[in-house]
There are 2 protein chains.
Amino acid sequence: MVTIYDVARHAGVSAATVSRVLNGHTQVDPTLAERVTSSVAELGYRRNAVARNLRRSRTTLWAVIISDVENPFFTAMVRGVEDIALTAGYSVVLCNSDENPEKESNYIAAALTEQMAGVIISPSSNRVDDVKLLQDAGCPVVVIDRELQGSPTDTVLVDNEHGAELATTHLVEQGYRRIACIGGPRWLSTATSRYEGYRRALTAAGLPLDPALLRFADFRERGGYEAMASLLDDGAEPDALFAANNLMTVGAMECLVQRDRAVPADIAVVGFDSIPWADLIRPTLTTVAQPAYEVGRQAGQLLTRRLAKPDADVTRIVLPTQLQVRASSLRLS
Amino acid sequence: MVTIYDVARHAGVSAATVSRVLNGHTQVDPTLAERVTSSVAELGYRRNAVARNLRRSRTTLWAVIISDVENPFFTAMVRGVEDIALTAGYSVVLCNSDENPEKESNYIAAALTEQMAGVIISPSSNRVDDVKLLQDAGCPVVVIDRELQGSPTDTVLVDNEHGAELATTHLVEQGYRRIACIGGPRWLSTATSRYEGYRRALTAAGLPLDPALLRFADFRERGGYEAMASLLDDGAEPDALFAANNLMTVGAMECLVQRDRAVPADIAVVGFDSIPWADLIRPTLTTVAQPAYEVGRQAGQLLTRRLAKPDADVTRIVLPTQLQVRASSLRLS
DNA sequence: TTGTATGCGTTATCAT
DNA sequence: ATGATAACGCATACAA
């Protein structure tokens with residue numbers, strides 16, 4: 001490996017001067033600078049980031065810990081984070097916790113030992129301990145998508161409750177009365193908020209909250225499938241469905257297809273969070289769209305701000321959702 | 001920050017002993033070890049990976065540079081890599097080059113300066129320079145999905161040509177005669193191989209290779225859409241389509257939907273690489289399935305092997321593809 | 001088995 | 001403006 005000393009020797013200057021040229025903070029004689037840069041090129045020198053980070057006791061890496069890489073919502077969000085990170089001079093390390101609190105803990109520990117500059121996380125549990133660990137260690141954290149109780153933290157969310165309420169009200173207005181709900185894990189704020197929105201809409205419409213129409217699954221495709229199957233098997237006879245995330249909506253739809261239930265003729269469907277290629281699915285799906293990319297961007301900006309001003313006030317950003325009505329929820333006349 | 005020296009003082013031993021207990025390579029008196037571990041717990045000590053990496057002059061990070069995070073093929077592949085990495089004691093840093101050679105170069109430079117243990121890359125160009133840079137620096141590289149000319153490198157591919165040939169032959173057997181092809185960027189081996197498979201199948205069937213039926217796009221949804229639009233607008237009158245990747249297939253389908261062309265009645269469709277929720281799309285899509293997760297696993301294993309034996313022979317793995325016939329390609333009687 | 005001492009490659013402090 | 005030198009936190013060669 002070619003070090004800064006090799007360059008210094010080759011250029012006939014001291015290592016300090018090489019460092020100064022490379023970092024460009026202080027003034028250095030143009031003649032020497034020229035000699036240094038050409039030596040760097042000639043020797044093919046590349047700075048050792050590990051040594052640099054040790055000396056400066058900080059890195060230029062952000063850890064982004066998401067709960068499911070195969071969920072398009074999170075990948076879009078990551079792109080948002082990435083774009084901000086790059087312009088701010090940071091690189092993004094993507095970690096997939098797979099909705100597994102243990103994996104999540106490992107990644108958080110890694111972020112700490114690797115001296116990451118900051119962490120953006122969509123928590124897969126409501127255990128505040130892990131995030132607190134980061135904060136106690138002085139590592140800036142931004143929580144996204146899911147709210148965390150306990151210690152106040154910079155957070156970027158979407159208006160889950162309102163979105164779910166819009167979706168459910170839409171079904172009510174279409175004339176549906178037995179509206180089932182496939183909710184998410186009870187320990188996730190996204191799940192409880194969306195369920196709460198569903199509940200509020202029913203109440204506002206004067207409809208009962210029938211436990212036979214409720215299922216709670218795991219935000220995954222299979223979970224949605226099984227919840228739908230259970231709704232059908234148990235004779236709950238729903239005439240509509242609100243599913244609390246994109247993957248569960250897909251699972252539920254697959255179940256309906258397999259059992260020859262027509263959508264929306266036999267049962268109407270609205271899903272929370274959009275699905276790629278929604279236009280190719282038949283019927284086209286009514287969804288509550290979330291600004292995934294923008295969530296990522298805002299989180300990135302929050303982290304940049306926090307890095308610049310560690311003592312700034314804690315910010316909580318709530319972005320709006322939007323109901324996109326398509327075929328799956330329309331009452332056939 | 002609490003260092004190894006703080007622990008040593010607290011436990012009444014030397015820093016070297018603490019290090020030995022932490023790494024567990026050498027034997028150390030159980031009494032002392034006990035004192036050390038409890039001191040570690042009591043002080044909340046976490047090892048500084050940056051310092052450790054500098055001292056050992058290696059890290060436990062793999063850089064996985066993929067060309068599109070929003071393509072389900074690559075995310076599935078990443079999961080395969082991840083699973084191998086974790087069991088081998090490495091963490092994965094996911095980098096999204098976005099099919100942009102410049103971004104790719106930056107990530108490669110970063111992998112080098114960050115002293116990554118190894119790199120797995122799906123190149124977004126056929127510039128062999130970047131990969132050569134890594135190899136010259138002694139950084140183990142595994143190339144995936146796309147073949148690279150020039151310096152021999154561990155590689156994991158799928159049988160693109162055969163898959164494309166199967167797909168096209170299937171269309172021929174269904175009785176289609178004017179089979180269009182939307183190919184990918186000419187500088188990517190996946191694109192040229194799949195085109196070659198298409199060509200071979202036509203030749204074998206005694207069909208002409210009509211330039212009016214050929215388009216080349218960028219492996220993205222919009223590219224597929226526009227290529228399809230151009231095929232329709234230019235009056236090429238195809239009765240079937242072979243699209244060379246999943247996103248372009250989606251784009252082409254969207255174009256057909258928008259223009260009220262029935263699939264497969266007006267035009268049959270086969271796509272290369274599968275699409276999530278293919279069962280919800282109407283008509284269901286005939287695709288050439290790739291073992292994405294397995295590609296990732298194999299790449300991970302190749303990298304592990306290379307790290308253990310830097311001088312081992314270069315390996316090239318080609319995994320099989322599989323034609324999955326669904327509704328979009330069937331001849332209506 | 002344990003401790004002492006050194007160096008990994010860089011940046012920053014202090015003289016000059 | 002430039003150079004000598006120390007220090008970041010750790011792992012290891014060597015001495016005891």
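A salt bridge here is a side-chain nitrogen of Lys or Arg within 4 Å of a carboxyl oxygen of Asp or Glu. Please keep in mind that this is a predicted model, in which local features need pLDDT of at least 70, side-chain atom pairs count only at pLDDT 80 or more, and totals for chains, interfaces and linings use all residues. Residues are numbered from 1 along each chain as its sequence is written, chains are lettered from A and ligands numbered from 1 in the order in which they are written, and side-chain values use heavy atoms, with hydrogens and water left out.

**View 1. A salt bridge joins Glu70(B) to Arg79(A).** The N to O distance between these two side chains is 3.4 Å. The rule finds 4 salt bridges across the interface of chain B and chain A. Polar contacts (pairs of N or O atoms within 3.5 Å; within protein, one must be able to donate a hydrogen and the other to accept it, and residues adjacent in sequence count only if both atoms are side-chain atoms) link 13 residue pairs across this interface, both residues at pLDDT 80 or more.

**View 2. Chain B meets chain A around a two-fold axis.** Superposing chain B on chain A (by least squares on the C-alpha atoms of residues with pLDDT of at least 70 in both) takes a rotation of 180 degrees with 0.0 Å of shift along its axis, at an RMSD of 0.1 Å. That is why the relation is called two-fold. In chain B, Ile281(B) has the C-alpha nearest the axis, 2.1 Å from it.

**View 3. The interface buries about 4400 Å² between chain B and chain A.** This is accessible area (1.4 Å probe) that the two parts lose on being put together, summed over both; carbon and sulfur atoms give 62% of it. Contact (heavy atoms within 4.5 Å) involves 46 residues of chain B and 47 residues of chain A.

**View 4. DNA strand D is surrounded by 26 residues.** Each of them has a heavy atom within 4 Å of the strand. Thr17(A), Asp29(A), Ile4(B), Tyr45(B) and Arg55(B) are the closest. Of the atoms of DNA strand D that come within 4 Å of the protein, sugar and phosphate account for 60%.

**View 5. Arg20(A), Asp29(A) and Asn23(B) approach DNA strand D.** An N or O atom in the side chain of Arg20(A) is 2.6 Å from a base nitrogen. Asp29(A) instead uses a backbone N or O atom, 2.5 Å from a phosphate oxygen. For Asn23(B), an N or O atom in the side chain is 3.4 Å from a phosphate oxygen.
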